[in-house]
Amino acid sequence: PSKTIMNLRQGHVRLVSQGLLLLPATLPADCARSFFARVPVVLMTAKTRDHVDAKAKHKRKSSDSEQKFWDRMAEGYSKQPIKDVPSYEKKLEVTRRYLRPDMKLVEIGCGTGGTSILHAPYVESVHATDISADMIEIARKKAEEEGAENVTFERASVEELSQEKESVDAVLALSVLHVLEDREGAIRKVHRMLKPEGLFVTSTVCASDMGATTKFFVNSFFRAGQFFGLLPKFCAFTKTELEDSFKKNGFDIEYEWRPSADKAAFIVAKKKD
């Protein structure tokens, strides 16, 4: 299953979210039977096409809304001090155990670029991305001020990442996976861009493991904010569910650390051979 619609040229076979194959009524019977034996199938109709188009339009609107939200937050975010300095410094230290001078590192959701710039001396290059153009503008200014010449920045959502297959040594995503609508799709995309035994370093809020106050906040206030377009996407899941997402999408867990149940889970995952 994929959220990407795939047109297989003349056959007009389309693969859509929820694992449905949408086939034309003219598909030969022998081909249809082979598909029917494996997946749920429905006939493509004008109504179905309208539904698919509506979902794509909604996804674009949601992405635009989130970009605008983070653009509004950029200036204040850049001035906000790190809340838990010891935990942040430990994550930096652990990450650097895995870095090498010949590595190409990609950071997803880099914000205003602070972490990318700090890791830059330990790798060959860093390509840092974020959905917010304003965040990226601030990050570029920071890199110039720090003299970080091996760091490049790009405004891009996870869906827009275009790294070639097996072209990257390590990917960093701090405070990212819990704000994505398709966590597993993002993990698969990272898996594709990583070289064999490449590393995926993440720090993720696992809200379903946290206390009653956090759960209430996510299930009421945060969802209301999302409904009215005032807050970005936020997905609640457990640390076990997160680890399962890594494992079933081709990763082994190399290292995991969580200061306490109400803190983010820090995970270093390695792409399987």
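The following exercises with worked solutions concern the strands and helices of a predicted model.

**Exercise 1.** Determine in what order the strands of the open sheet are arranged, and which strands form the edges.

*Solution.* Step 1: the open sheet comprises 7 strands, and their order is 6-5-4-7-8-10-9. Step 2: the pairing in this sheet is mixed. Step 3: strand 6 and strand 9 (251-257) each pair on one side only, and these are the edge strands. Step 4: from one strand to the next, the twist averages 20°.

**Exercise 2.** Identify the sense in which strand 5 and strand 6 pair, and the handedness of the unit they make with helix 5.

*Solution.* Step 1: strand 5 (residues 125-130) pairs with strand 6 (residues 151-155) in the parallel sense, over 5 bridges. Step 2: within this pairing, Thr 152 of strand 6 stands opposite His 127. Step 3: together with helix 5 (residues 133-146), the two strands make a β-α-β unit that is right-handed.

**Exercise 3.** State which strands helix 3 touches and which strands helix 6 lies across.

*Solution.* Step 1: helix 3 (residues 85-98) packs on the sheet and touches strand 8 (194-204), strand 9 and strand 10 (265-271). Step 2: the direction of helix 3 makes about 140° with that of strand 9. Step 3: helix 6 (residues 183-193) lies across strand 4 (104-108), strand 7 (168-174), strand 8, strand 9 and strand 10. Step 4: helix 6 runs at about 145° to strand 8.

How values were computed: Residues numbered from 1 in each chain as written. Predicted model: local features only at pLDDT ≥ 70, side-chain atom pairs only at ≥ 80, totals over all residues. Heavy atoms only, no water. Pairing = 2+ DSSP bridges. Helix = DSSP H or I, 4+ residues; strand = E, 2+ residues; numbered from the N terminus. Right-handed = clockwise from strand over helix to strand, strands pointing away. Axes fitted to C-alpha atoms, helices over the stretch in contact; angles between N-to-C directions. Contact = heavy atoms within 4.5 Å.
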